[in-house]
Amino acid sequence: MPKNSYIVGLDIGTKKIAAIIGEAGEDGKIEIIGIGTAESRGLRKGVVVNLEATVSAIKKAQEEAELMAGYEIDRAFVGISGAHIKSFNSRGVIAVSGKNREIARDDIKRVIEQSKAVSIPPDREVIHIIPQEFVVDDQDGIKDPLGMSGIKLEVNVHIITSATTSVQNLRTCIGRAGIEVEQIVLNQIAASEATLTHDEMELGVGMIDLGGGTTEIAIFERGSLWYTSIIPIGGDNFTNDIAVGLRTPIPEAEKIKKKFGCVSSTLLDEQETIEVPSVGRGKKERILSRQLLADIIQPRAEEIFRLVDNDIKRMGYEKSLNSGIVLTGGTALLEGLEEVAEEIFDLPVRRGDPAGVGGLVDRVNTPDYATSVGLLLYGYKQWKEKGLSKDRKGSLWARLKEWLKEA
Ligand SMILES: Nc1ncnc2c1ncn2[C@@H]1O[C@H](COP(=O)(O)OP(=O)(O)OP(=O)(O)O)[C@@H](O)[C@H]1O
Ligand SMILES: [Mg+2]
C-alpha cells in the first residue's frame, strides 16, 4: 500500500456537481484538502441529458477543487442515480471445493459470481453486488466465512443494475473532463456511508436523500443493504410550487424557499410575514404571510414521504426500520421536514449531516454534501481493502501479489 494516496469523490447531481479531494493517510483517517462545486445544468432527475453542459460543470468543479488542493485529479469515484437504476436481492449456492472443505477466498468469489447468474437484460449493466450474509451448511448470519469448514456455501446479495446507456453517458462526461472513472457508485451507498451510524445499519434504518431532482432511498438491516429505490421528485418541485403559488420567478422562488421555507405550519408564528417579488417588470413587491408559503409546500413534503412510505410498505420493509429514518440531501435543510416525516412514517426521524472525514470539513458538513463526502469515504474503504486500480496495475510487486493470490 502506498504511503499516502489521493482519493476523489465526484457527485454529479441534478442541482450541483461537487468534487472533493481527500488525502488518505496511514493513520486511518481521510482529510479533505480540496472542494469544488458548480451549478449543474446538464441533468434531469439524476440522469445526464446534456453532455456538453455536464462536462463544463464537471471541469469547473474539478478546477476549483484542484486549485484548493494543489493536486491534479486523474481518477474519481463517481456517483450514479436515476429512475433507470434497479435493485433486487439474489442468492448464490456452491459446493465448497478446497482441501478439508475449508472455505477459501476462491469459494467466496465463486459463490458471489454465481449469485449473479440471474438473467440481466443486455441493455443493463451490474454496478454493485453487495453480499448481505453467507450461509454455511444452513448456518446463516455469517459475515465472513473465510477459513470456516462446510460442504455448501450460500450467499445472499443485493444486486444493483443500471441502464447501460446512462452509465455510458456518465463515463463519457467524466472522460471528456480528463478524469478516469475509478468506480461508479450508487448515490445511496455513498450518502449512507457518510450519514448512517454502524448501530443504525445493524438495527435497521431508512436513509432518504432529498436532492434537487430526485429522492433516493436505501434500507439497511443487520449491517447490510436490502433495498434501494429512486423517486423522480425533489427540491426543485418545491421551488416550482412556490413559483406558481406565489406567482414569482423561479430564481426568486428558490431564494424564498431557502430563506423562509417551512413545511410544518404548526412550527410557525401566525404573524410572520415575507416579502415576495412579482413576475413582470415594474410590479411591486408583495407582503405575504409565511404561513401561506408553508401551505404551498407542505403538501409536497407530505406527497414525497407518502410515496416513500408506500414504497417501503409495498416491499415489506416497514418492520426493518428499528432506528427510524435519516433525512439527507440539500432539501433536508428545509425547516419542519423532520416533523412532517415523523408524522407520516410514525417513526423517529433525524437529519443526517455527513461525518467521518477530517480536514476542510466546514464547507461540507451540511446534508447537500452527503453524497460527495460519502463517495470519498467509500473510496477510502476500497483503498484500504484493495488499493486503487492505478496502484494495483502500477507496481510490479502489486501485480505479482495479485497473481500469487489468484494462483
Ligand atoms: N437551505 C435550504 N432550504 C431548503 N432547500 C434547500 C436548501 N439548500 C438547498 N436546498 C435544496 O436542495 C436541493 C439540492 O440538493 P442537493 O445538492 O442534495 O441536490 P443534487 O444532489 O444536485 O440533486 P439530485 O440528488 O436530485 O440529483 C435543491 O432543490 C435546493 O433548492
Ligand atoms: Mg444528490
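**View 1. Classes of residue around ligand 1.** In these legends Ala, Val, Leu, Ile, Met, Phe, Trp, Tyr, Cys and Pro count as nonpolar, Asp, Glu, Lys and Arg count as charged, and the others, Gly among them, count as polar. Sorted in this way, the shell around ligand 1 in this predicted model holds 10 polar residues, seven charged residues and two nonpolar residues. Of the 19 residues that surround the ligand, those that come nearest are Thr14, Lys15, Gly213, Glu254 and Lys257.

**View 2. Polar contacts to oxygen atoms of ligand 1.** In the side chain of Lys257, an N or O atom is 2.6 Å from an oxygen atom of ligand 1. The backbone also takes part: a backbone N or O atom of Thr214 lies 2.9 Å from an oxygen atom of the ligand, and a backbone N or O atom of Gly330 likewise lies 2.9 Å from a ligand oxygen atom. Ligand 1 taken alone exposes 650 Å², and 91% of that area is buried by the protein.

**View 3. The pocket and the elements around ligand 1.** Ligand 1 sits in the second largest pocket. Helix H6 (235-246) and helix H7 (250-260) are the elements that give two or more residues to the shell around the ligand, and the largest share, three residues, comes from H7. Seen by domain, the shell draws at least three residues from each of domain 1 (1-74 + 354-407) and domain 3 (198-352).

Terms used: Residues numbered from 1 in each chain as written. Chains lettered and ligands numbered in written order. Predicted model: local features only at pLDDT ≥ 70, side-chain atom pairs only at ≥ 80, totals over all residues. Heavy atoms only, no water. Near = heavy atom within 4 Å. Polar contact = N/O pair within 3.5 Å; in protein donor to acceptor, adjacent residues only side chain to side chain. Areas by Shrake-Rupley, 256 points an atom, 1.4 Å probe, with all protein chains shown as cover. 1 Å grid on protein atoms, 1.4 Å probe; cavity = no way out; pocket = protein on both sides within 12 Å on 5 of 7 lines; lining within 4 Å. Sits in = over half its atoms within 2 Å of the grid points. Helix = DSSP H or I, 4+ residues; strand = E, 2+ residues; numbered from the N terminus. Domains from an automatic or database assignment.
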